[in-house]
Each structure stands twice: as structure tokens, then as C-alpha cells.
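Biologist: Please take a close look at the cysteines of this chain, and at the disulfide bonding in particular. A short note on backbone outliers can follow.

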Amino acid sequence: MKFGKTFETHLTIEWRQQYMRYTDLKTLIRRGVEGAPTAESGASDAEINAYYIAFEEQFFTECHHELTRVNNFFLEKLAEARRKHATLKLQLLATARAPGHTFSSYSLQSSQRLSSLVSLRDNNSSSNRKLMTQRQLRNAYSEYYLTLVLLQNFQSLNETGFRKICKKYDKYLRSTSGGDWVEQNINYAAFTDHRPLEKLIIDVEELYTHYLAGGDRSRAMTKLRVPPLGQPTPPRMVFRAGLALGMFIMLACTTIFSYIRRPPEENKIEAFIRLYRGPFTWVIFNFFMAANVAGWQRAGVNHVLIFEIDPRSHLQPATFLEIACTFGLLWTLSMLGFLFHDLINVNDPFVFPLALTLIMITLLINPLPIMNWPARWWTMRLVGRVVTAPLHYVRFADFWMGDQMNSLVTCMADHYYIVRFYAICWLRYANFNFCFEEDMFVPISRCLPAWFRFAQCLRRFRDSGSKSVSYLLNAGKYSTTFFVVFFSTMRGRTDVFCRWLCEYI
């Protein structure tokens, strides 16, 4: 994969503006080549040489500016990492010396480390702070190790970026100045010195192994290290996903044949479709998520960093497939119960879609740390950020989820119909068809996804330093949905009124 795409996928919110501007430098080279005078245009050799000398000075001035910015940010983060490392060391020593805390025995090297920790503690007046538990220390070191890995990525990506852009400069300008600049500046830059950061990483691994993992290095590395993005899916997970997919396909075929042979009563067909079309979005959404994640991994796109997911708990495509099939099994079983309710001695078939909806919601919001709780919490938090879009900074994942909701406008209205049906109509009326007629809240539910994106674009314009008009144009695009829904609703109401008037006359 080309470097430009790889470079853009390793961004985080905090460091978004701190990576070298590879794309801007590439654009500068392209414009410099396209705007160069030529002999065919009547320019003399002196003019051509003067242009290339001026452009070379401009390009490497920009490179120096980027190098200074990257160096300063790296040194700042490295100093911050060293301070945090010292603080965690002090906490580790204080916890080890506290009564009631037991750690494994150490070698001579570990004893020397204790001595250094003692000196650090004596020189630090904040040693009387509240002690951290072993669990808190494990979590703190795990998060700290992750920041070191991110800083390593920052080093390697920027180093590769400078080398690539200078190589591109030499290629298009037919020069060797880019390579010379790299040799004179990049090779001696502070951010290309990997030794200080590697020393911190090794020290953290040794401390965690000896103090918090009982000397078991494999256990320590399992907790500390971030698994690679393209790691093979465990066979057990693939088997579960395949088994669930096979069961879902069989039940889906059974449901289709059952609907053909035993369709619902005429006055319940619309209710059947409305009540089951909304929950089906949960099934199809996870199926497409499985396909997307598989495609991203195959293309080398680091979606974990793009969507700001915890690198240690992100879901594999097989897991998304298993979730989709699980919801699909519940969905098909509920429809079969609706179709065959009389054969299983259930008088009211509408208990089945209600049970399906409640079970799905329970599986999503269940706060127990089971069934991929980090992924469920990430989804709920992301939906909450989309709904409250104008109140906070908009991230890429917020844009993405807002676009998904815009693709599911009809299903958003179906969820409103479900709520209205069970809150107002169920158990009260014999004829349910009027319960699925439009009221004033149906157009509002159809406008909500467009409003979310509209608010996101306005907030993005407010937070952007460039105040780019493209954000306003994008907001204007989504605002047209309001007019479409308004006029389509007015037309529908007018048609109903005209039919009523004709029948009355």
C-alpha cells in the first residue's frame, strides 16, 4: 500500500496535527513541477535554473519547519513519558513496601532496581500520595505501554515520511538534494533516535514481569503488547461463526417457506412487516460490519486507530459475523413464533416481536463485562455522541455512524412505529392498521439522521482553524432532507384530504 494512505491511517485525536504534512509536501512538489518554466515556453537556461534554485530553497525550508515541529513534539512526549515512568516506579515501590502486598522474589538486578527506586522516592515529596492497588498498577502500566508504542509509531511513520518525500523530490526534480538533506538532517534528528524509547519499553516490560506478573514474561507480554491488526482468527472463533451462519441460513429459509404457506392474517400483514423490518437492521448492520472489517484488514487499513478503538479488544470479522447470526437467529425464531403462534398455544402473536425487541436491547445495554462489553459500550457511546453532535468535537467515527444512520432512515421510522404500537395500540384495538399511519412524529424521525449530520458539519466548521466552506456546503446538502421530508409529508396529507373530500362529495 502507498505510504500516503498508510500515513493517514495512524492518526489519533491528540496527535492529529503533529505528524509531518506528507500530503501538503507532495502537493508542493507537484505544483513546483507543473509550474516550472521550460525552453519551449521561451524561458532561458538562467531563468530555469533560478526557478529550480528558488523552489529547492522553498521546499527544504518547509521540510525544516516540519522537522522542527516533529522533533519538538517528540521530545515533549518523551519527557512526559519519562516523568510518568518515574511516577509509576514510585507507586510500584510504595505498593511493594506496603503491608499486605506481596510480590515475587527478585534477582540481583531487581535488587539494584529497588535501590534506585528508593533514591527516587526519597527525592520526591509526593511519595505520600494514595497507594495504587496491584490491579490499578497493571492497568496503568498497560495504558502507559500503549502510549510508548504509539510514540514508536510516531517515530517510524515520520521517519518514513521524510525519506519518502525526499525520494519523491529527487525523482520529479531529477536531483540528489533530497537524499543529501536526509543524510544531513533526518539521520541526526532527535525523533529518529530509537534508543531512549526502547530503553523505556524494556524497563517497563521488566518491571511488569518481575513485580506484577510473578516473573512470567509470557503472561506480562500478553497483557502489555498490542496484538497485530492482521493476526489470524482463532479456529474456535471461526467454527462458532460458521455454525451460527449455517443455523441462520436454515432458519431464514424455513421462515420464508413458512410465510409463503402460512402468511399472517390480512389485517396483521402490515404490522408484521413494520415490527420486524426495524430489528432486521441490527442483523444486516453487523453482517456488513463483518465484511467491512475483513476488507479493511485485507487492504491494510488500520481501522482500529481510525475509529479510536482499544487495540487490545477490537473485534475480528468472525466475531461480527457471529453477532449478526445471533441476532438473525433471534429474528427468525421470533417470526416463526408469530406465524405458528396458534400451534404453540399462544393467543397473541404480537408478544414475539416485543420479546425480540426487548432481548436485543438487553443484549446491547447489559452492563456486565460479558459478550464483548467493550464493543457494546463503544457502540452506545458513539451513538450518544452522534445524537448530541453539536455539544462536542466531532471525530471520524461520529461522521461514519451518522452516515450509517442516514442510510437507515426508513428503519428509524420503523423503530418509532414499534414504540407507538406497543405503547398505544397493543391490547386496546382489534384493528391495528391505523396504528401504522403517519403522524407528526414520523417525519421528525425521518429528519433526525440528516439533523445529526447537519449539526456535525456545523460543529466541524466551528472547530476548524481554516473555516473551510466545504463544511457549510456539506451541511447545506443534508439540510435539503428537511425540505424533501416536509414537502413529501404535505403532499401525502393533501392526497388523503382530496380522497376524503371526493368521497364526502
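Modeller: The cysteines come first, then two asparagines with unusual backbone angles.

This is a predicted model, in which local features need pLDDT of at least 70 and side-chain atom pairs count only at pLDDT 80 or more, while totals for chains, interfaces and linings use all residues. Residues are numbered from 1 along each chain as its sequence is written, and side-chain values use heavy atoms, with hydrogens and water left out.

The structure holds one disulfide, a term for a pair of cysteine sulfur atoms within 2.5 Å. C425 and C435 form this bond, with an S to S distance of 1.9 Å. The pair links distant parts of the chain, 10 residues apart: C425 is in helix α16 (residues 409-425) and C435 in the loop between α16 and α17 (441-463). Helices here are DSSP runs of H or I with at least four residues, strands are runs of E with at least two, and both are numbered from the N terminus. The torsion about the S-S bond of C425 and C435 is about -120 degrees, so the disulfide is left-handed.

Both C425 and C435 are buried, meaning under 20% relative accessible area; exposed means over 50% and partly exposed in between (1.4 Å probe, protein chains only). C325 is buried at 0%, and C447 is buried at 16%.

As for the backbone, N345 has a positive phi of about 60 degrees although it is not a glycine. N345 sits in the loop between α12 (317-339) and α13 (351-365) and is exposed, at 72% relative accessible area. N372 also has a positive phi of about 60 degrees without being a glycine. The loop between α13 and α14 (373-387) holds N372, which is partly exposed at 33%.
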